[in-house]
Amino acid sequence: MTPLAAGGTQHEPDGLLVVDAAGRLSYVGPAAGRPADIEKAIDLQPWVVMPGMVDLHAHLPQLPNAGVGFALDLLAWLERLTFPTERSWSDVAVAERLAPGIFEAFAAAGTTTVLAYGVVYEAALDASFRAAEAHGIRAILGKVMMDRGTYDPIIEPSTILDRSLRESADLIGRWHGADAGRLGYAVTPRFAISCSAEMLRESASLARASGTWWQTHVSEDPFEIAEVRRLFPDARDYVDVYDRAGGLGERTVLAHAIHLSDRELARLVETGTRVAHCPASNLFIGAGVMPLARWLAAGLSVGLGSDVSGGPEASLFSVMRVGAYAQMAHRSLVGEMGAILDPLGWLRLGTQEGARALGLGDVIGSLEVGKEADFIAVDPGFVAAAPGALPDDDPADLMSRLIFRAHPDMVRAAWVRGRRLAGPGRR
Ligand SMILES: [Zn+2]
């Protein structure tokens with residue numbers, strides 16, 4: 001079952017994928033049309049094979065905190081939970097111990113591509129990249145940049161900017177494009193409150209010069225927005241802070257983007273800036289509800305993010321469920337009418353649209369000939385209405401159950417470029 005890049009969904013009740021020696025899909029279709037020259041066949045029935053999920057927003061070191069901190073407001077949540085956890089990665093041994101299991105947890109949730117923040121420490125990022133390299137997941141990571149209110153008490157404030165830029169550039173040199181593009185780098189200023197205008201500007205120009213991604217947070221929480229207004233009195237609004245830094249564009253992924261003005265929305269659309277929609281995080285922390293239908297109708301490029309541990313689960317299936325409920329609540333409370341995304345629309349957002357947001361829409365995100373073989377196998381028995389109930393042969397009904405009855409163990413296996421990942425099916 002897969003969305004198609006050109007639109008629509010393909011569902012083969014008795015389907016076959018063929019992966020070539022380079023890890024690309026060379027056949028996708030009914031098993032009856034099986035090519036003659038298959039070297040080795042694996043029977044995955046009764047599992048359902050789907051494209052791997054593309055998580056556009058997560059924080060690696062925060063995974064151990066997932067599920068705690070409900071309803072702490074954003075700034076309190078950072079101070080009390082998040083910063084102490086991230087500071088513990090100043091000891092590279094902590095990063096080396098935790099990172100492998102974190103990538104396994106993403107794979108177990110069905111995620112085969114993750115765009116994630118690390119911490120402010122360069123050595124911890126090297127350890128994270130090494131873990132991703134060994135695990136096999138597709139990962140775009142970045143060292144967090146902060147020159148205001150940083151949680152590292154050791155770094156001399158006057159040297160933070162130069163040091164952070166130099167360390168980011170070093171990491172780019174070592175990791176961006178590694179393993180034929182499976183690993184990538186995103187220059188990662190945390191958000192406007194943590195960064196001077198100069199850091200935002202210099203980080204954006206580093207990303208442009210190096211051909212890497214640029215990621216940060218925008219317009220998540222009303223208190224945060226008020227603080228940004230106080231810190232950047234010359235900017236027209238929150239989006240303008242990043243616009244002035246040269247940070248908007250097609251290689252930029254902004255997390256949240258909930259409380260945008262019409263002007264901000266139009267500017268993000270005009271510049272082709274990508275947005276990571278993180279509804280589970282937004283309701284867990286209490287930041288707000290994105291008017292998704294309106295953002296999509298305006299032409300904004302939107303994919304999904306778990307935002308662990310702002311979000312309590314790495315699973316994008318769970319994120320879809322919360323997002324779907326949030327849209328219904330928004331419609332009934334605000335009275336705003338708009339197209340409610342159907343289950344196959346959510347699948348597209350979590351796969352093909354996420355890939356497109358990264359500029360990888362021709363490489364991953366769907367199961368189509370010529371794309372790299374990033375896919376998962378899900379056991380529909382975990383979401384059946386009752387033991388022995390008939391399996392769904394309608395893809396919309398099947399996807400509906402995978403979203404609304406998502407089970408933490410339902411993803412049984414995951415592959416990137418046809419190579420199986422550790423994590424799924426372990427329990
Ligand atoms: Zn975040």
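**Close-up views of a predicted model**

**View 1. The zinc ion and the protein atoms that hold on to it.** Four residues supply the protein donors of the zinc ion: His57 (NE2), His59 (NE2), His217 (NE2) and Asp307 (OD), lying 2.1 to 2.5 Å from it. Donors here are N, O and S atoms within 2.8 Å of the metal (3.2 Å for Na, K and Ca), and water is not among the atoms, so sites may look incomplete. Keep in mind that this is a predicted model, where local features need pLDDT of at least 70 and side-chain atom pairs count only at pLDDT 80 or more, while totals for chains, interfaces and linings use all residues. Residues are numbered from 1 along each chain as its sequence is written, and side-chain values use heavy atoms, with hydrogens and water left out. Along the chain, the donors are spaced as H-x1-H-x157-H-x89-D. The angles between the four donor atoms run from 84 to 172°, which makes the arrangement irregular. (Four donors are tetrahedral if all angles lie between 85 and 135 degrees; four are square planar and six octahedral if opposite donors are over 155 degrees apart and all others between 65 and 115; anything else is irregular.) His57 and His59 are buried, meaning under 20% relative accessible area; exposed is over 50%, and partly exposed is in between (1.4 Å probe, protein chains only).

**View 2. The largest nonpolar core.** A nonpolar core is a set of buried Ala, Val, Leu, Ile, Met, Phe, Trp, Tyr and Cys residues joined through side-chain atoms within 4.5 Å. This one has 111 residues, and Met50, Phe103, Phe106, Tyr242, Phe317, Met399 and Leu402 have the most contacts inside it. Helix α2 (residues 92-108) gives the most to this core, with seven residues. (Helices, H or I with at least four residues, and strands, E with at least two, are DSSP runs numbered from the N terminus.) A second, separate core has 14 residues, including Cys278, Ala355, Ala357 and Leu360.

**View 3. Helix α15 (residues 395-404) and its buried side.** Pro395, Leu398, Met399, Leu402 and Ile403 are buried in α15. They cover an arc of only 135° around the axis, so they sit on the same side of α15; the arc is that of the directions from the helix axis to the C-beta atoms. Among the elements covering them are β5 (48-51), α12 (316-334), α13 (343-350) and β15 (375-378). At the start of α15, a side-chain oxygen of Asp394 comes to within 3.1 Å of the backbone nitrogen of Ala396.

**View 4. Helix α7 (residues 222-231), one side in and one side out.** Glu224, Ile225 and Val228 are the buried residues here. Their arc is only 100° around the axis, which puts them on the same side of α7. Over on the other side, Phe223, Arg229 and Arg230 are exposed. The cover over the buried residues includes α1 (74-87), β11 and α8 (238-244).

**View 5. Two buried residues of strand β11, Thr216 and Trp213.** Thr216 is part of strand β11 (residues 213-218) and has a relative accessible area of 0%. Leaving out residues up to four places away in sequence, Thr216 touches Tyr117, Pro189, Arg190, Phe191, Tyr242, Val253, Leu254 and Ala255, where contact means heavy atoms within 4.5 Å. Trp213 also counts as buried, at 7% relative accessibility.

How values were computed. Polar contact = N/O pair within 3.5 Å; in protein donor to acceptor, adjacent residues only side chain to side chain.
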